[in-house]
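Let's take a walk through this structure together. Have a look at it first, and then we'll go from one place to the next.

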2 protein chains.
Amino acid sequence: MQKRLGRQTVVLERPSVILSHAAVGGKQEGEGPLSAYFDHLCADSFFGEKTWEKAESAMQKIALSKALEKATLSPEDLDYILAGDLLNQCIGTSFGLRDFNIPFYGLYGACSTMGESLALGSLLISGGCAEKAGAMTSSHFCTAERQYRMPVPYGSQRTPTAQWTATAAGCVILGCEGPGPRVTTVTCGKIVDQGITDANNMGAAMAPAAYDTLTTHFAATGTGPADYDLILTGDLGLLGHQIVTDLFARDGVDLSQKYQDCGMLLYDIQKQDMHAGASGCGCAASVLCGYLLREMEEGRWRRVLFAPTGALLSPTSSFQGESIPGICHAVTLEMPEKE
Amino acid sequence: MQKRLGRQTVVLERPSVILSHAAVGGKQEGEGPLSAYFDHLCADSFFGEKTWEKAESAMQKIALSKALEKATLSPEDLDYILAGDLLNQCIGTSFGLRDFNIPFYGLYGACSTMGESLALGSLLISGGCAEKAGAMTSSHFCTAERQYRMPVPYGSQRTPTAQWTATAAGCVILGCEGPGPRVTTVTCGKIVDQGITDANNMGAAMAPAAYDTLTTHFAATGTGPADYDLILTGDLGLLGHQIVTDLFARDGVDLSQKYQDCGMLLYDIQKQDMHAGASGCGCAASVLCGYLLREMEEGRWRRVLFAPTGALLSPTSSFQGESIPGICHAVTLEMPEKE
């Protein structure tokens, strides 16, 4: 049986092993500091398709195909794929996966989807319900702008707290054995809403959820920042990262030495004029599937707490005066000790 | 370990037990033949809220609260809740669950969500990752019309193949032991797209997915229609039900004696003028959580194959000329033999 620590945290009896991973990005991602870590970069925002929505599906197809190829697997080898995206009714995922013929559990976790899919995929494997599973998500700057804010050609001005939705996708193939990083614990997040209503300040809306999940995880596992080589939240950006750091400082916990955020890593924020940093499901997904897992495999970090965050709003909920609920799912990634 | 039959089917080592269930409905549901099975009916489509979207969240709150009450549990007793809905970014769910403080995995399975949430919740319990979990979904006629078709006050005419989105929610509380019906096997669906492009004919779009999942389930488990007291698909309606029956007849399998569809049960189709029947996440959810589980508990059926179907389209995908992918997740529900 799994070892359960409180309601939210499971220590996996049979840790899932990351067999392969692939990251796909667009033009801005190719011009950023993590450029070399991508498996596929395309300067055409349409990825050869007729619409941006179809481009987002194309990114998922490429990410899954690359990840399967790197693990020398075919789609039939996967028992399940767990995936979702930001588009209304998650069409990036359903049309991206349509031709792969893989049993599919669709997720909606907004920008926490990479964490949610890794968490559920790992729980299914550890519980003996699957041998191999995919975990995937994506986002696209142009589909997200059109859907959440203004059509891109309108050229609306961005506030300083705004983040830039990554045009990117990431896919992880999980299995039961191999030399790669393992998912050893999973902490499921709760919905946390501190009343932030500014849809151009997602970092502030999501930071309390990150703080809630991280403190729950630390308390349940009896660990603290010192026990991790890196704590990496999802796309909180500059402001959200600062809020999480401050919330922990108030508790007397110094996170600063170990703590980074995917939204601050994907772009050169100053040079690329990215305001508060990157966001979107594809941000945490591509930082994980490119930079983070590659560097773990090369020995830079052994134990990483990866905690993507999502804002569970819609334009309709904002128009109706609602505040922005956030969520954060955390997984511990560990490279096995060398024998 | 779980017994896995092929890629898609898991026979649960530790079947999850349905501790309680609650169904919430609106005016039309209260005027239909299943009226007496609802735990809460409200003739006000706003459920006392200011908008229909908030009404949908209110329905989820009522369904979850009622189900917890019936099981004499509080929200803190649930390890997880798995839920989703049809609204963009699943706001029915995120705002409905916001104040419950329950660890949350968000799902998007369109109208298959009741099946997906039951499946994943049961797999988590059987795999030792949870002791108690909620599975929930909802839909609302007015939010769905506004989002997918036309605002209700526009009064647009419906085609004969159109289905009526249920204003309803259903919630199941799953646990490890008790006298109630058990989830004994789970079959995860694949995305199936036979090229149907008519967004007013969801039954035809989803029927091939139901056929695919049911045939896979029968083959994997070595069972056939004779082994079930009832086979109940999600909201295929009159037309989809006929297509599934015909597809099986082509294989020489007579489904007709055992086979019903939630979309044909919720309303008096003729009298209520419901064209091809009911649809929406809330249709399968409320038929399950009101009628089906109550009648199982009362001994009418012992072994039921419950298979809700979903159409993974969005208005955007239809505008861009895409066909409609479908999915169907199936679970076997069994009442334990009396000692």
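**Where the two chains meet**

A good place to start is a salt bridge: the side chains of A:Arg98 and B:Asp193 come together there, at 2.7 Å from N to O. Keep in mind that you're looking at a predicted model. That pair has company, since the rule finds eight salt bridges across the interface of chain B and chain A. On top of that, 44 residue pairs are counted in polar contact between chain B and chain A, with both residues at pLDDT 80 or more.

Which parts of chain B supply the side that touches chain A? The elements that give two or more residues are β2 (9–25), α2 (52–70), α3 (91–97), β5 (104–106), α4 (113–126), α5 (141–148) and α10 (315–319) of chain B. The largest share comes from α4(B), with five residues. If you sort the residues on this side of chain B by character, you get 32 nonpolar, 18 polar and 14 charged.

Now for the contact as a whole. Chain B puts in 64 residues, and chain A puts in 64 residues too. Between them, the two chains bury about 5500 Å², with 57% of that on carbon and sulfur atoms. In chain B, the residues that lose the most area to chain A are B:Arg7, B:Gln89 and B:Tyr105, which together make up 15% of what that side buries.

**A strand inside chain A**

Next, find strand β6 of chain A, residues 133–139. Seven of its seven residues are buried, so the strand is largely enclosed by the rest of the structure. Both faces are covered: A:Ala133, A:Ala135, A:Thr137 and A:Ser139 are buried on one side, and A:Gly134, A:Met136 and A:Ser138 on the other.

What does β6(A) pair with? Strand β4 of chain A (residues 80–85) runs parallel to β6(A), and the two pair over six bridges. One of the partnerships links A:Tyr80 to A:Ala133. Strand β8 of chain A (residues 168–175) pairs with β6(A) in the antiparallel sense, over seven bridges. Here A:Ser139 has A:Ala168 as its bridge partner.

**A leucine in chain B**

Last stop: B:Leu293, which sits in helix α9 (residues 281–297) of chain B. Is B:Leu293 buried or exposed? With a relative accessible area of 0%, B:Leu293 is buried, because the cut-off for that is under 20%. Leaving aside residues up to four places away in sequence, B:Leu293 touches B:Ile18, B:His21, B:Val172, B:Pro181, B:Leu288 and B:Leu333. And B:Tyr37, 256 residues apart from B:Leu293 in sequence, is 9.8 Å apart from it in space, C-alpha to C-alpha.

Methods
Residues are numbered from 1 along each chain as its sequence is written. Chains are lettered from A and ligands numbered from 1 in the order in which they are written. This is a predicted model: local features need pLDDT of at least 70, side-chain atom pairs count only at pLDDT 80 or more; totals for chains, interfaces and linings use all residues. Side-chain values use heavy atoms; hydrogens and water are left out. Contact means heavy atoms within 4.5 Å. Buried area is the accessible area (1.4 Å probe) that two parts lose on being put together, summed over both. A salt bridge is a side-chain nitrogen of Lys or Arg within 4 Å of a carboxyl oxygen of Asp or Glu. A polar contact is a pair of N or O atoms within 3.5 Å; within protein, one must be able to donate a hydrogen and the other to accept it, and residues adjacent in sequence count only if both atoms are side-chain atoms. Helices (H or I, at least four residues) and strands (E, at least two) are DSSP runs, numbered from the N terminus. Ala, Val, Leu, Ile, Met, Phe, Trp, Tyr, Cys and Pro count as nonpolar, Asp, Glu, Lys and Arg as charged, and the others, Gly among them, as polar. Buried means under 20% relative accessible area, exposed over 50%, partly exposed in between (1.4 Å probe, protein chains only). Two strands pair if DSSP finds at least two bridges between them.
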